[in-house]
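Me: I'd like to learn how to read a few features of a fold. Could you walk me through them?

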Amino acid sequence: MKHFTISFKPDGRQISIHSGATVTEAAGKAGIILNTFCGGKGTCKKCLIKLELSGQEVLACQYRIQSDLTVTIPDESRFFEQKILAHGIDTEIDAAAAIYEKYIGKASPEKIFGIAVDIGTTSVVAKLINMFDGQCLATEATLNPQCRYGDDVISRISYADNEEKLAELHSVIIDCINNLASKLYKKTTVDAKFIYEMCVVGNTTMNHIFLKLPISQLGQAPYKAFSLESHDVSAGQLQLEMNPAGNVHTVENIAGFVGSDTIAVALAVDIDSAEEMTLVVDIGTNGELVLGTKDKLYAASCAAGPALEGARITCGSRAAKGAIEAVVVNEDDIVLDVIGNCPARSICGSGLIDAVAVMLQLGIIDLTGRFAEPANLRGKVSPAILSRMCEQQGEPAFVLSQSGSTGKIFLRQKDIRETQLAKAAIRAGIKLLQNRIGLKDEDIERILLAGAFGNYIRKESALRIGLLPDVPLERIAFVGNAASSGARMALVSQHYRDKARELAGRIEYIEIAHEPEFQDVFADSILF
(Lines give C-alpha, C1' and ligand atoms only; values in the text may rest on other atoms or scores of the structure.)
Protein backbone atom coordinates (compact mmCIF):
# COMPACT_ATOMS: atom_id res chain seq x y z
CA MET A 1 0.00 0.00 0.00
CA LYS A 2 1.29 3.46 -0.92
CA HIS A 3 2.22 5.94 1.78
CA PHE A 4 2.14 9.71 1.49
CA THR A 5 3.60 12.58 3.48
CA ILE A 6 1.20 15.04 5.05
CA SER A 7 2.34 18.31 6.65
CA PHE A 8 0.29 20.34 9.11
CA LYS A 9 0.34 24.12 9.43
CA PRO A 10 0.91 26.07 11.59
CA ASP A 11 2.10 23.16 13.81
CA GLY A 12 5.03 22.28 11.57
CA ARG A 13 4.35 18.57 12.08
CA GLN A 14 4.80 15.98 9.36
CA ILE A 15 3.87 12.31 9.19
CA SER A 16 3.65 9.48 6.69
CA ILE A 17 0.32 7.69 6.33
CA HIS A 18 -1.23 5.11 4.02
CA SER A 19 -3.28 6.00 0.94
CA GLY A 20 -7.00 6.41 1.60
CA ALA A 21 -6.69 7.57 5.21
CA THR A 22 -8.68 10.66 6.16
CA VAL A 23 -6.99 13.87 7.23
CA THR A 24 -8.62 13.39 10.65
CA GLU A 25 -6.80 10.06 11.01
CA ALA A 26 -3.53 11.61 9.87
CA ALA A 27 -3.93 14.53 12.27
CA GLY A 28 -4.56 12.12 15.15
CA LYS A 29 -1.40 10.24 14.26
CA ALA A 30 0.45 13.57 14.39
CA GLY A 31 -1.01 14.28 17.83
CA ILE A 32 -3.49 16.89 16.60
CA ILE A 33 -7.06 16.18 17.67
CA LEU A 34 -9.82 17.68 15.53
CA ASN A 35 -13.47 18.27 16.35
CA THR A 36 -15.57 15.17 15.73
CA PHE A 37 -18.99 16.14 17.03
CA CYS A 38 -20.66 13.89 14.45
CA GLY A 39 -18.28 10.95 14.79
CA GLY A 40 -16.68 11.56 11.41
CA LYS A 41 -19.88 11.45 9.35
CA GLY A 42 -19.35 14.89 7.83
CA THR A 43 -22.58 16.35 9.17
CA CYS A 44 -21.39 18.79 11.88
CA LYS A 45 -18.99 20.70 9.58
CA LYS A 46 -16.71 21.44 12.55
CA CYS A 47 -13.45 20.02 11.07
CA LEU A 48 -12.90 22.33 8.09
CA ILE A 49 -9.28 22.53 6.90
CA LYS A 50 -7.57 24.27 3.99
CA LEU A 51 -5.57 22.44 1.30
CA GLU A 52 -2.47 24.54 0.73
CA LEU A 53 -1.98 24.21 -3.04
CA SER A 54 -5.56 24.82 -4.12
CA GLY A 55 -6.77 26.87 -1.17
CA GLN A 56 -9.85 24.64 -1.12
CA GLU A 57 -11.68 24.14 2.18
CA VAL A 58 -12.65 20.52 2.88
CA LEU A 59 -13.86 18.45 5.82
CA ALA A 60 -10.94 16.60 7.40
CA CYS A 61 -13.13 13.60 8.28
CA GLN A 62 -14.23 13.16 4.65
CA TYR A 63 -11.12 14.06 2.66
CA ARG A 64 -9.06 10.97 1.79
CA ILE A 65 -5.34 11.29 1.16
CA GLN A 66 -4.23 10.24 -2.32
CA SER A 67 -0.98 12.24 -2.62
CA ASP A 68 1.54 14.22 -0.57
CA LEU A 69 -0.31 17.05 1.10
CA THR A 70 0.07 20.21 3.16
CA VAL A 71 -2.95 21.39 5.12
CA THR A 72 -3.72 24.32 7.41
CA ILE A 73 -5.87 23.59 10.46
CA PRO A 74 -7.64 26.65 11.88
CA ASP A 75 -8.26 27.02 15.61
CA GLU A 76 -12.00 26.54 15.26
CA SER A 77 -11.48 23.01 13.87
CA ARG A 78 -9.27 21.90 16.75
CA PHE A 79 -10.38 19.99 19.81
CA PHE A 80 -9.30 22.18 22.74
CA GLU A 81 -9.21 21.20 26.40
CA GLN A 82 -12.46 22.18 28.03
CA LYS A 83 -13.48 23.15 31.53
CA ILE A 84 -14.15 19.97 33.47
CA LEU A 85 -16.21 19.94 36.65
CA ALA A 86 -14.28 17.62 38.97
CA HIS A 87 -15.98 18.33 42.29
CA GLY A 88 -19.45 17.64 43.61
CA ILE A 89 -21.25 18.22 46.86
CA ASP A 90 -19.59 17.31 50.15
CA THR A 91 -21.30 14.30 51.64
CA GLU A 92 -21.02 12.76 55.07
CA ILE A 93 -20.24 9.08 54.62
CA ASP A 94 -21.82 6.49 56.89
CA ALA A 95 -18.92 4.26 57.88
CA ALA A 96 -21.19 1.27 58.55
CA ALA A 97 -20.23 -1.88 56.65
CA ALA A 98 -16.92 -0.30 55.63
CA ILE A 99 -15.36 -2.01 52.61
CA TYR A 100 -11.80 -1.55 53.90
CA GLU A 101 -12.39 -4.15 56.64
CA LYS A 102 -12.18 -7.04 54.18
CA TYR A 103 -8.58 -6.05 53.35
CA ILE A 104 -7.26 -5.70 56.93
CA GLY A 105 -5.46 -9.05 56.67
CA LYS A 106 -3.58 -7.78 53.62
CA ALA A 107 -2.62 -4.31 54.85
CA SER A 108 -3.00 -2.02 57.84
CA PRO A 109 -6.04 0.33 57.71
CA GLU A 110 -3.91 3.40 56.93
CA LYS A 111 -2.58 1.68 53.80
CA ILE A 112 -5.88 0.68 52.23
CA PHE A 113 -6.92 3.07 49.45
CA GLY A 114 -9.42 3.16 46.62
CA ILE A 115 -10.29 5.16 43.52
CA ALA A 116 -13.74 6.50 42.61
CA VAL A 117 -14.23 7.04 38.87
CA ASP A 118 -16.97 8.88 36.98
CA ILE A 119 -16.82 8.08 33.26
CA GLY A 120 -18.73 10.78 31.42
CA THR A 121 -19.29 10.88 27.68
CA THR A 122 -17.04 13.95 27.49
CA SER A 123 -14.88 13.82 30.62
CA VAL A 124 -13.48 11.34 33.13
CA VAL A 125 -12.93 12.19 36.80
CA ALA A 126 -10.94 10.04 39.24
CA LYS A 127 -10.55 10.53 43.00
CA LEU A 128 -8.06 8.76 45.25
CA ILE A 129 -9.83 7.95 48.52
CA ASN A 130 -8.64 6.84 51.95
CA MET A 131 -10.82 3.78 52.46
CA PHE A 132 -10.60 4.04 56.26
CA ASP A 133 -12.22 7.47 56.66
CA GLY A 134 -13.56 8.20 53.14
CA GLN A 135 -11.45 11.32 52.71
CA CYS A 136 -10.49 12.39 49.19
CA LEU A 137 -6.72 12.77 48.96
CA ALA A 138 -6.47 13.93 45.34
CA THR A 139 -8.54 14.42 42.19
CA GLU A 140 -7.59 14.17 38.52
CA ALA A 141 -9.76 14.78 35.47
CA THR A 142 -9.37 14.68 31.71
CA LEU A 143 -11.36 14.64 28.51
CA ASN A 144 -12.67 11.21 27.61
CA PRO A 145 -10.32 10.08 24.80
CA GLN A 146 -13.24 8.22 23.21
CA CYS A 147 -14.36 11.66 21.94
CA ARG A 148 -12.28 11.07 18.84
CA TYR A 149 -14.79 8.36 17.88
CA GLY A 150 -17.72 10.74 18.25
CA ASP A 151 -19.02 13.25 20.76
CA ASP A 152 -22.14 11.36 21.84
CA VAL A 153 -22.97 7.81 22.86
CA ILE A 154 -24.84 7.07 19.63
CA SER A 155 -21.69 7.83 17.58
CA ARG A 156 -19.68 5.44 19.73
CA ILE A 157 -22.33 2.75 19.58
CA SER A 158 -22.29 3.10 15.78
CA TYR A 159 -18.50 2.88 15.74
CA ALA A 160 -18.35 -0.26 17.89
CA ASP A 161 -20.25 -2.39 15.38
CA ASN A 162 -18.00 -5.40 15.94
CA GLU A 163 -16.03 -6.97 18.79
CA GLU A 164 -12.71 -5.57 17.57
CA LYS A 165 -13.94 -1.97 17.66
CA LEU A 166 -15.65 -2.47 21.02
CA ALA A 167 -12.33 -3.80 22.34
CA GLU A 168 -10.65 -0.67 20.97
CA LEU A 169 -13.05 1.64 22.85
CA HIS A 170 -12.61 -0.49 25.98
CA SER A 171 -8.81 -0.30 25.73
CA VAL A 172 -8.95 3.49 25.30
CA ILE A 173 -10.95 4.03 28.50
CA ILE A 174 -8.80 1.57 30.50
CA ASP A 175 -5.67 3.47 29.37
CA CYS A 176 -7.36 6.74 30.33
CA ILE A 177 -8.16 5.53 33.86
CA ASN A 178 -4.65 4.14 34.26
CA ASN A 179 -3.20 7.50 33.23
CA LEU A 180 -5.37 9.32 35.77
CA ALA A 181 -4.43 6.78 38.43
CA SER A 182 -0.73 7.28 37.68
CA LYS A 183 -1.14 11.04 38.21
CA LEU A 184 -2.97 10.41 41.49
CA TYR A 185 -0.14 8.17 42.71
CA LYS A 186 2.46 10.82 41.92
CA LYS A 187 0.40 13.54 43.58
CA THR A 188 -0.09 11.56 46.82
CA THR A 189 2.93 9.19 46.85
CA VAL A 190 0.45 6.32 47.35
CA ASP A 191 1.73 3.14 45.70
CA ALA A 192 -0.55 1.33 43.23
CA LYS A 193 -0.25 -1.88 45.29
CA PHE A 194 -2.23 -0.20 48.09
CA ILE A 195 -5.25 0.45 45.84
CA TYR A 196 -7.59 -2.39 46.75
CA GLU A 197 -10.94 -1.07 45.48
CA MET A 198 -12.22 0.95 42.56
CA CYS A 199 -15.83 2.07 42.06
CA VAL A 200 -16.84 3.14 38.56
CA VAL A 201 -20.03 4.94 37.52
CA GLY A 202 -21.15 6.29 34.15
CA ASN A 203 -24.02 6.28 31.72
CA THR A 204 -25.10 2.87 30.49
CA THR A 205 -23.01 3.03 27.31
CA MET A 206 -19.85 4.07 29.18
CA ASN A 207 -20.55 1.36 31.77
CA HIS A 208 -20.87 -1.32 29.09
CA ILE A 209 -17.75 -0.21 27.21
CA PHE A 210 -15.76 -0.22 30.46
CA LEU A 211 -16.91 -3.77 31.20
CA LYS A 212 -16.57 -4.78 27.53
CA LEU A 213 -20.25 -5.72 27.34
CA PRO A 214 -22.18 -5.60 24.02
CA ILE A 215 -23.52 -2.13 23.16
CA SER A 216 -25.04 -2.47 19.67
CA GLN A 217 -28.49 -3.13 21.17
CA LEU A 218 -28.34 0.26 22.93
CA GLY A 219 -28.54 1.95 19.54
CA GLN A 220 -31.68 0.13 18.41
CA ALA A 221 -35.24 0.21 19.73
CA PRO A 222 -36.17 -0.72 22.41
CA TYR A 223 -32.65 0.41 23.58
CA LYS A 224 -32.20 -2.36 26.13
CA ALA A 225 -29.09 -2.60 28.29
CA PHE A 226 -27.17 -5.88 28.16
CA SER A 227 -26.93 -5.67 31.96
CA LEU A 228 -28.56 -3.46 34.58
CA GLU A 229 -26.82 -5.25 37.44
CA SER A 230 -23.83 -4.16 39.48
CA HIS A 231 -20.60 -5.99 38.70
CA ASP A 232 -17.53 -6.91 40.73
CA VAL A 233 -14.50 -7.72 38.60
CA SER A 234 -10.90 -8.35 39.54
CA ALA A 235 -8.49 -5.52 38.76
CA GLY A 236 -6.18 -7.93 36.99
CA GLN A 237 -8.93 -9.00 34.61
CA LEU A 238 -9.45 -5.38 33.52
CA GLN A 239 -5.70 -4.65 33.45
CA LEU A 240 -6.06 -1.68 35.75
CA GLU A 241 -2.95 -0.34 37.46
CA MET A 242 -3.86 -1.15 41.07
CA ASN A 243 -3.41 -4.16 43.30
CA PRO A 244 -4.13 -7.06 40.91
CA ALA A 245 -6.04 -8.86 43.68
CA GLY A 246 -8.20 -5.77 44.19
CA ASN A 247 -11.86 -5.46 43.25
CA VAL A 248 -13.55 -3.17 40.73
CA HIS A 249 -17.20 -2.42 41.53
CA THR A 250 -19.64 -0.91 39.03
CA VAL A 251 -22.97 0.45 40.25
CA GLU A 252 -26.35 -0.64 38.83
CA ASN A 253 -27.88 1.00 35.73
CA ILE A 254 -31.54 2.00 35.54
CA ALA A 255 -32.21 1.67 31.79
CA GLY A 256 -30.56 1.90 28.39
CA PHE A 257 -30.07 5.66 28.62
CA VAL A 258 -30.14 6.17 32.40
CA GLY A 259 -27.04 4.71 33.94
CA SER A 260 -25.13 4.20 37.15
CA ASP A 261 -24.09 7.86 37.17
CA THR A 262 -27.74 8.75 37.80
CA ILE A 263 -27.86 6.27 40.69
CA ALA A 264 -24.67 7.88 42.04
CA VAL A 265 -26.25 11.35 41.83
CA ALA A 266 -29.35 10.03 43.64
CA LEU A 267 -27.08 8.64 46.37
CA ALA A 268 -25.17 11.91 46.74
CA VAL A 269 -28.28 14.08 47.08
CA ASP A 270 -29.96 11.47 49.34
CA ILE A 271 -33.09 11.62 47.22
CA ASP A 272 -34.61 8.53 48.79
CA SER A 273 -34.91 10.51 52.05
CA ALA A 274 -36.44 13.59 50.37
CA GLU A 275 -39.55 14.91 52.09
CA GLU A 276 -39.89 17.72 49.50
CA MET A 277 -40.85 17.10 45.87
CA THR A 278 -37.43 17.11 44.23
CA LEU A 279 -36.34 17.26 40.59
CA VAL A 280 -32.77 16.31 39.71
CA VAL A 281 -31.63 17.37 36.25
CA ASP A 282 -28.33 16.39 34.64
CA ILE A 283 -28.24 18.39 31.43
CA GLY A 284 -26.13 17.09 28.56
CA THR A 285 -26.37 15.55 25.11
CA ASN A 286 -28.53 12.97 26.83
CA GLY A 287 -30.30 14.64 29.74
CA GLU A 288 -31.17 12.48 32.76
CA LEU A 289 -34.05 13.32 35.08
CA VAL A 290 -35.18 12.01 38.46
CA LEU A 291 -38.38 13.32 40.06
CA GLY A 292 -40.13 12.41 43.30
CA THR A 293 -39.78 12.02 47.03
CA LYS A 294 -38.79 9.21 49.37
CA ASP A 295 -42.20 7.64 48.71
CA LYS A 296 -41.95 7.32 44.92
CA LEU A 297 -39.25 8.13 42.37
CA TYR A 298 -39.40 8.35 38.57
CA ALA A 299 -36.56 8.66 36.05
CA ALA A 300 -36.38 9.51 32.37
CA SER A 301 -33.87 10.43 29.72
CA CYS A 302 -34.28 13.04 27.04
CA ALA A 303 -32.26 13.25 23.84
CA ALA A 304 -31.37 16.94 23.91
CA GLY A 305 -28.77 16.44 21.20
CA PRO A 306 -25.36 18.11 21.13
CA ALA A 307 -26.48 21.73 20.58
CA LEU A 308 -26.02 22.63 24.25
CA GLU A 309 -22.43 21.37 24.01
CA GLY A 310 -21.70 23.53 20.98
CA ALA A 311 -22.40 21.16 18.10
CA ARG A 312 -24.85 22.25 15.38
CA ILE A 313 -24.39 25.87 16.50
CA THR A 314 -22.61 27.86 13.78
CA CYS A 315 -20.04 29.41 16.13
CA GLY A 316 -20.49 26.80 18.86
CA SER A 317 -17.90 24.83 20.79
CA ARG A 318 -17.36 23.07 24.08
CA ALA A 319 -16.48 25.09 27.16
CA ALA A 320 -12.89 25.64 26.03
CA LYS A 321 -10.52 28.61 26.07
CA GLY A 322 -11.94 31.41 23.93
CA ALA A 323 -15.58 30.31 24.30
CA ILE A 324 -18.16 32.87 25.39
CA GLU A 325 -19.56 31.43 28.63
CA ALA A 326 -21.81 34.29 29.82
CA VAL A 327 -23.75 37.15 28.23
CA VAL A 328 -25.40 39.96 30.21
CA VAL A 329 -27.04 43.28 29.35
CA ASN A 330 -25.48 46.47 30.66
CA GLU A 331 -26.87 49.99 30.24
CA ASP A 332 -26.95 50.13 26.45
CA ASP A 333 -25.11 47.05 25.17
CA ILE A 334 -24.11 43.51 26.12
CA VAL A 335 -21.08 42.31 28.08
CA LEU A 336 -19.37 38.95 27.51
CA ASP A 337 -17.40 36.62 29.76
CA VAL A 338 -14.90 34.58 27.74
CA ILE A 339 -13.12 31.51 29.11
CA GLY A 340 -9.44 32.33 29.49
CA ASN A 341 -10.03 36.12 29.31
CA CYS A 342 -8.94 36.16 25.68
CA PRO A 343 -10.59 37.19 22.38
CA ALA A 344 -13.74 35.18 21.72
CA ARG A 345 -13.55 32.45 19.11
CA SER A 346 -16.80 30.55 19.84
CA ILE A 347 -19.76 30.21 22.20
CA CYS A 348 -20.37 27.27 24.55
CA GLY A 349 -23.60 25.98 26.08
CA SER A 350 -23.85 28.27 29.10
CA GLY A 351 -23.14 31.29 26.89
CA LEU A 352 -25.72 30.08 24.39
CA ILE A 353 -28.47 29.95 27.02
CA ASP A 354 -27.46 33.40 28.31
CA ALA A 355 -27.39 34.86 24.80
CA VAL A 356 -30.83 33.50 23.90
CA ALA A 357 -32.24 34.80 27.20
CA VAL A 358 -30.78 38.24 26.46
CA MET A 359 -32.17 38.21 22.92
CA LEU A 360 -35.62 37.41 24.31
CA GLN A 361 -35.29 40.17 26.92
CA LEU A 362 -34.35 42.74 24.26
CA GLY A 363 -37.01 41.63 21.78
CA ILE A 364 -34.42 40.51 19.21
CA ILE A 365 -36.37 37.23 18.99
CA ASP A 366 -39.96 36.54 20.00
CA LEU A 367 -41.49 33.62 21.91
CA THR A 368 -41.56 31.53 18.74
CA GLY A 369 -37.82 32.08 18.25
CA ARG A 370 -38.30 34.25 15.16
CA PHE A 371 -36.02 37.26 14.66
CA ALA A 372 -37.65 40.68 14.74
CA GLU A 373 -37.21 43.08 11.84
CA PRO A 374 -34.49 45.63 12.74
CA ALA A 375 -36.74 48.46 11.57
CA ASN A 376 -39.32 47.45 14.18
CA LEU A 377 -36.75 47.74 16.98
CA ARG A 378 -35.62 51.30 16.28
CA GLY A 379 -36.33 53.39 19.35
CA LYS A 380 -36.90 50.26 21.44
CA VAL A 381 -33.29 49.16 21.81
CA SER A 382 -30.05 51.12 21.92
CA PRO A 383 -28.08 51.90 18.72
CA ALA A 384 -25.32 49.59 19.98
CA ILE A 385 -27.74 46.67 20.21
CA LEU A 386 -29.35 47.52 16.87
CA SER A 387 -25.92 47.54 15.19
CA ARG A 388 -25.46 43.90 16.21
CA MET A 389 -28.36 42.78 14.03
CA CYS A 390 -27.27 41.64 10.59
CA GLU A 391 -27.53 38.81 8.09
CA GLN A 392 -25.25 35.77 8.10
CA GLN A 393 -25.41 32.95 5.58
CA GLY A 394 -28.70 34.28 4.26
CA GLU A 395 -30.39 34.37 7.67
CA PRO A 396 -31.06 37.08 10.27
CA ALA A 397 -28.39 37.04 12.96
CA PHE A 398 -27.22 38.77 16.14
CA VAL A 399 -23.50 39.46 16.54
CA LEU A 400 -22.08 38.77 19.99
CA SER A 401 -18.45 39.63 19.27
CA GLN A 402 -17.25 41.78 16.39
CA SER A 403 -13.57 41.10 16.96
CA GLY A 404 -13.31 37.41 17.75
CA SER A 405 -10.07 35.57 16.94
CA THR A 406 -11.97 33.75 14.19
CA GLY A 407 -14.01 36.76 13.01
CA LYS A 408 -17.54 37.59 14.10
CA ILE A 409 -19.17 35.35 16.70
CA PHE A 410 -22.92 35.35 16.13
CA LEU A 411 -26.17 33.46 16.49
CA ARG A 412 -28.34 33.10 13.39
CA GLN A 413 -31.89 31.85 12.96
CA LYS A 414 -30.77 28.21 12.57
CA ASP A 415 -28.89 28.39 15.88
CA ILE A 416 -31.99 29.62 17.69
CA ARG A 417 -33.99 26.72 16.22
CA GLU A 418 -31.35 24.20 17.35
CA THR A 419 -31.46 25.69 20.85
CA GLN A 420 -35.25 25.42 20.88
CA LEU A 421 -35.13 21.73 19.92
CA ALA A 422 -32.58 20.96 22.64
CA LYS A 423 -34.37 22.84 25.41
CA ALA A 424 -37.74 21.41 24.29
CA ALA A 425 -36.43 17.85 24.67
CA ILE A 426 -35.41 18.52 28.28
CA ARG A 427 -38.48 20.57 29.20
CA ALA A 428 -40.84 18.03 27.60
CA GLY A 429 -39.18 15.22 29.58
CA ILE A 430 -39.71 17.15 32.80
CA LYS A 431 -43.33 17.98 31.92
CA LEU A 432 -44.14 14.37 31.13
CA LEU A 433 -42.73 13.25 34.48
CA GLN A 434 -44.78 15.99 36.13
CA ASN A 435 -47.88 14.76 34.30
CA ARG A 436 -47.23 11.20 35.48
CA ILE A 437 -47.40 12.40 39.10
CA GLY A 438 -49.94 15.17 38.50
CA LEU A 439 -47.65 18.08 39.40
CA LYS A 440 -47.75 21.74 38.47
CA ASP A 441 -44.52 23.73 38.33
CA GLU A 442 -45.20 25.35 41.70
CA ASP A 443 -45.50 21.88 43.30
CA ILE A 444 -41.77 21.23 42.71
CA GLU A 445 -40.04 22.34 45.90
CA ARG A 446 -36.40 21.71 44.89
CA ILE A 447 -34.57 21.57 41.57
CA LEU A 448 -31.02 20.19 41.78
CA LEU A 449 -28.81 20.81 38.75
CA ALA A 450 -26.05 18.21 38.39
CA GLY A 451 -23.11 17.90 36.02
CA ALA A 452 -20.80 20.42 34.40
CA PHE A 453 -23.38 22.09 32.20
CA GLY A 454 -25.89 22.49 35.01
CA ASN A 455 -23.19 23.96 37.24
CA TYR A 456 -22.19 26.72 34.81
CA ILE A 457 -25.55 27.98 33.52
CA ARG A 458 -27.24 30.95 35.16
CA LYS A 459 -30.52 30.05 36.82
CA GLU A 460 -32.20 33.23 35.56
CA SER A 461 -31.36 32.42 31.94
CA ALA A 462 -32.48 28.78 32.24
CA LEU A 463 -35.84 29.96 33.56
CA ARG A 464 -36.13 32.74 30.96
CA ILE A 465 -35.83 30.38 27.99
CA GLY A 466 -38.16 27.80 29.58
CA LEU A 467 -35.54 25.11 30.11
CA LEU A 468 -36.70 24.48 33.69
CA PRO A 469 -40.06 24.57 35.48
CA ASP A 470 -41.18 28.07 36.48
CA VAL A 471 -40.20 28.12 40.17
CA PRO A 472 -38.63 30.80 42.41
CA LEU A 473 -34.86 31.09 41.96
CA GLU A 474 -34.17 30.06 45.55
CA ARG A 475 -35.60 26.60 44.86
CA ILE A 476 -32.83 25.88 42.33
CA ALA A 477 -29.46 24.64 43.59
CA PHE A 478 -26.27 23.38 41.94
CA VAL A 479 -24.83 20.08 43.16
CA GLY A 480 -21.77 19.93 40.89
CA ASN A 481 -20.36 16.58 39.85
CA ALA A 482 -22.66 14.68 42.20
CA ALA A 483 -21.99 11.45 40.28
CA SER A 484 -18.38 11.56 41.46
CA SER A 485 -19.55 12.17 45.03
CA GLY A 486 -21.90 9.18 44.81
CA ALA A 487 -19.12 7.00 43.41
CA ARG A 488 -16.98 7.84 46.45
CA MET A 489 -19.83 6.81 48.77
CA ALA A 490 -20.29 3.46 47.02
CA LEU A 491 -16.52 2.94 46.99
CA VAL A 492 -16.07 2.97 50.77
CA SER A 493 -19.27 1.50 52.18
CA GLN A 494 -21.35 -1.61 51.54
CA HIS A 495 -24.25 0.36 53.02
CA TYR A 496 -24.26 2.65 49.99
CA ARG A 497 -23.83 -0.24 47.56
CA ASP A 498 -26.94 -1.80 49.08
CA LYS A 499 -28.70 1.55 48.88
CA ALA A 500 -27.73 1.89 45.20
CA ARG A 501 -29.22 -1.53 44.49
CA GLU A 502 -32.43 -0.54 46.27
CA LEU A 503 -32.63 2.75 44.35
CA ALA A 504 -32.17 0.95 41.03
CA GLY A 505 -35.07 -1.31 41.93
CA ARG A 506 -37.30 1.48 43.28
CA ILE A 507 -36.87 4.15 40.60
CA GLU A 508 -39.50 3.69 37.90
CA TYR A 509 -38.14 4.42 34.43
CA ILE A 510 -40.49 6.23 32.06
CA GLU A 511 -39.83 6.00 28.32
CA ILE A 512 -41.08 9.52 27.56
CA ALA A 513 -41.06 9.08 23.78
CA HIS A 514 -43.73 6.38 24.24
CA GLU A 515 -46.00 8.63 26.29
CA PRO A 516 -49.22 9.35 24.30
CA GLU A 517 -48.93 13.13 24.74
CA PHE A 518 -45.20 13.32 23.90
CA GLN A 519 -45.56 15.04 20.51
CA ASP A 520 -47.97 17.67 21.84
CA VAL A 521 -45.87 18.39 24.94
CA PHE A 522 -42.69 18.59 22.87
CA ALA A 523 -44.29 21.01 20.39
CA ASP A 524 -45.50 23.23 23.24
CA SER A 525 -42.05 23.17 24.81
CA ILE A 526 -40.39 24.55 21.67
CA LEU A 527 -41.85 27.98 22.45
CA PHE A 528 -39.83 30.22 24.77
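Me: Let's start with a strand pairing. Which residue in β8 is the bridge partner of S123?

Reply: This is a predicted model, by the way. The partner of S123 in β8 is L143. S123 belongs to strand β7, residues 123-130, and β7 pairs with β8 in the antiparallel sense over 7 bridges.

Me: What order do the strands of the sheet come in?

Reply: Read across the open sheet and you get β8-β7-β6-β9-β11-β10, 6 strands with mixed pairing. At the edges sit β8 (136-143) and β10 (231-234), each pairing on one side only. Ignoring direction, neighbouring strands of this sheet are turned by 20° against each other on average.

Me: Which strands does α6 lie across, and which does α13 lie across?

Reply: Take helix α6 first, residues 260-268: it lies across β6 (113-119) and β9 (195-202), and runs at about 105° to β9. Helix α13 lies across β6, β7 and β9, and its direction is about 145° to β6.

Me: Now helix against helix. How do I describe a packed pair?

Reply: For two packed helices you give the angle between their axes and the distance between the axes. Here, try α13 (residues 482-492) with α14 (residues 494-506): their axes come within 5 Å and cross at roughly 120°. That angle is why α13 counts as oblique to α14.

Me: Which residues of α13 and α14 meet there?

Reply: From α13 you have M489, A490, L491 and V492, and they meet Q494, Y496 and R497 of α14. Sorted by class, the contact of α13 with α14 has 5 nonpolar, 1 polar and 1 charged residues.

Me: And aromatic rings? How many aromatic pairs does a search of the whole structure find?

Reply: The general recipe for a pair of aromatic rings is the distance of the centres plus the angle of the planes. Searching the whole structure turns up 5 aromatic pairs. One of them is Y149 with Y159, at 4.7 Å centre to centre and 45° between the planes, which is tilted.

Me: Where do Y149 and Y159 lie?

Reply: Y149 is in the loop between β8 and α2 (153-159), while Y159 is in helix α2 itself, so the pair ties together parts that are 10 residues apart in sequence.

Me: Is Y149 buried or exposed? And what does Y159 count as?

Reply: Y149 counts as buried because its relative accessibility is 9%, and buried means under 20%. Y159 has 23%, so it counts as partly exposed.

Definitions and conventions. Residues numbered from 1 in each chain as written. Predicted model: local features only at pLDDT ≥ 70, side-chain atom pairs only at ≥ 80, totals over all residues. Heavy atoms only, no water. Axes fitted to C-alpha atoms, helices over the stretch in contact; angles between N-to-C directions. Helix = DSSP H or I, 4+ residues; strand = E, 2+ residues; numbered from the N terminus. Parallel < 35°, antiparallel > 145°, perpendicular 65-115°, else oblique. Contact = heavy atoms within 4.5 Å. Nonpolar A, V, L, I, M, F, W, Y, C, P; charged D, E, K, R; others polar. Pairing = 2+ DSSP bridges. Phe/Tyr/Trp six-rings, centres within 6.5 Å; stacked < 30°, edge-to-face > 60°. Buried < 20%, exposed > 50% of the residue type's maximum accessible area, 1.4 Å probe, protein only.
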